[in-house]
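Here's a quick tour for anyone about to set up calculations on this one. Have a look at the structure first, then we'll walk through it topic by topic.

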Amino acid sequence: MQSAPSIKENCCHSAPAPGAPFLASLARSGNFFAPGKLRLIVALSVSTLMTLLSVALPLAAAENPQDLLAAGRVDQAIQMLEQQIRAAPTAEAYNLLCRAHVELDDWDAGVPACEKAISLDPGNGLYHLWLGRIYGEKADRAGFIKAAGLAKKVRVEFERAVELEPSSWQARTDLAEFYLEAPGIVGGGEDKARAQAALLLPLNPGMAHWVLARIAQKNKAPDAAEQEYRLANDVSHGGARAWVNLAGFYRHTNRLDEMERALHTMESAPVDRPAALMDGAGMLFRTGRNDAMATRLVRRYLASATVEEWPAFKAHYLLGELLEKQGDRSNAEAEYHTALTMAHTFNRAQQGLQRVGR
């Protein structure tokens, strides 16, 4: 296995999920579903069978765990990584296994894998960044006392990541956001966030202005925040990330028409960050705005090179929600099934199947 990439290196490429279109077509045909109460029982059995078929599909020799994670085929990624770890455990395999559990929102399973990666390679900034991220996810869902302890661990890991990779804009952005959101008792502070924004400026000026915009928002200065979001847009030459961040600001300030216009502008331009399509679709869905645009954004994302940041199985689930909301229960069902062929423990997709009564 190759050595782990640096924080700033993009190593992931997408690949289609084998079997998913065929299985989805079976679900869409409706031939396997009985009427009445038996329908749900039979459908759940079909879902289980589809999941087992997906897990049992052979792993192509040319694929690697990074490809599988980028494609959202998390079941297969975990299967491959566990095989690799049994044969020859490496820090990279443990880090990728941690990230697979992050895709599944399974923080408890992911933390030991991230910790193991660092124990095997303590000088890798990428591994410290991911451990800090998963500690942060756990902290967001913990009680006050436990969250405070985890927050201190987040700070330690992010600061270590920046120390090891000082030119990583991703690590500096995460650290800046921590400093901005965390209370002083665990090491947060606006002055520290501003210092990171200054250091970000030569690395990624768009994200530097994003940090400054977040600081202005926290200080209840919406005009200054909007100016920084627009500066981020200017310096990134209208990049998708900047447009979706500006749209998020409009959503936060309840300027939903402007939010929608910003997302439409993003949709109309070449997308330099595919995950922004899903960020925009999720924003529209949560605000109940323009389901047609949201559906287009998700379909465009799934037709592109999907990325680990927005696993494809979650994109299929969101598309299912959108179709269900529009009354297209049959195709919503197919999307929920497709999500489960990639991640059989994804509870929200299982619940989606129950809602559509299939």
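Is aspartate 105 buried, partly exposed or exposed? With a relative accessibility of 30%, aspartate 105 falls in the partly exposed class, because that class runs from 20% to 50%. Keep in mind that this is a predicted model. The protein chain has 19 helices and zero strands, and 51% of its 358 residues count as buried.

**The chain as a whole**

- Taking contacts with a separation of 6 or more, 60% are between residues 24 or more positions apart.
- The protein chain exposes about 16,200 Å², with carbon and sulfur atoms supplying 55% of that area.

**Loop residues with a positive phi**

- Most residues other than glycine have a negative phi.
- Aspartate 105 goes the other way, with a positive phi near 60°.
- You'll find aspartate 105 in the loop between α5 (91-103) and α6 (107-120).
- Histidine 237 isn't a glycine either, and its phi is positive at about 55°.
- Histidine 237 sits in the loop between α12 (222-235) and α13, and it counts as exposed because its relative accessibility is 74%.

**Helix α15 and its surroundings**

- Helix α15 covers residues 275-287, and at 1.5 Å a residue its 13 residues should span 18 Å; the end C-alpha atoms are 19 Å apart, so the two agree.
- Its buried residues are Ala275, Ala276, Leu277, Met278, Gly280, Ala281, Gly282, Met283 and Leu284.
- Cover for the buried residues of α15 comes from elements including α13 (240-252), α14 (256-268), α16 (291-302) and α17 (312-325).
- Right after α15 comes glycine 288, with a positive phi near 70°.

**How α14 packs on α15**

- Two packed helices are described by the angle between their axes and the distance between the axes.
- For α14 and α15, the axes come within 11 Å and cross at roughly 155°, so this pair is roughly antiparallel.
- The crossing of α14 past α15 is left-handed.
- On the α14 side, the contact uses Leu256, Met259, Glu260, Leu263 and Met266.
- On the α15 side, it uses Ala276, Leu277, Gly280, Met283, Leu284 and Thr287. Among these, Ala276, Leu277, Gly280, Met283 and Leu284 are also listed as buried.

**How α16 packs on α17**

- The axes of α16 and α17 come within 10 Å, crossing at roughly 155°, and that angle is why the two are roughly antiparallel.
- Their crossing is left-handed.
- α16 brings Asp291, Ala294, Thr295, Val298, Arg299, Tyr301 and Leu302 to the contact.
- α17 brings Ala312, Ala315, His316, Leu318, Leu319, Leu322, Leu323 and Lys325.
- Arginine 296 is also in helix α16, and its relative accessible area of 40% makes it partly exposed.
- The C-alpha atoms of arginine 296 and alanine 281 are 8.3 Å apart in space, while the two residues are 15 apart in sequence. Alanine 281 is one of the buried residues of α15.

**Helix α17 and what comes after it**

- How many of the 14 residues of α17 are buried? The count is 13, so α17 is largely enclosed by the rest of the structure.
- At 1.5 Å a residue, α17 should span 20 Å, and its end C-alpha atoms are 20 Å apart, which agrees.
- Glycine 327 follows just after α17, with a positive phi of about 90°.
- Aspartate 328 is in the loop between α17 and α18 (329-342), and it is partly exposed at a relative accessible area of 27%.
- Aspartate 328 and valine 356 are 28 residues apart along the chain, with 9.5 Å between their C-alpha atoms.

**How α8 packs on α9**

- Helix α8 (residues 144-164) and helix α9 (residues 169-181) pack at about 150°, with axes 9 Å apart.
- α8 and α9 are therefore roughly antiparallel, since an angle over 145 degrees counts that way.
- The α8/α9 crossing is left-handed.
- The α8 residues in contact are Ala151, Val154, Arg155, Phe158, Glu159, Ala161 and Val162.
- The α9 residues in contact are Ala171, Arg172, Asp174, Leu175, Phe178 and Tyr179.

Notes: Residues numbered from 1 in each chain as written. Predicted model: local features only at pLDDT ≥ 70, side-chain atom pairs only at ≥ 80, totals over all residues. Heavy atoms only, no water. Helix = DSSP H or I, 4+ residues; strand = E, 2+ residues; numbered from the N terminus. Buried < 20%, exposed > 50% of the residue type's maximum accessible area, 1.4 Å probe, protein only. Contact = heavy atoms within 4.5 Å. Areas by Shrake-Rupley, 256 points an atom, 1.4 Å probe, with all protein chains shown as cover. Expected span 1.5 Å × (residues − 1). Axes fitted to C-alpha atoms, helices over the stretch in contact; angles between N-to-C directions. Parallel < 35°, antiparallel > 145°, perpendicular 65-115°, else oblique. Left-handed = near helix turned anticlockwise from the far one by under 90°.
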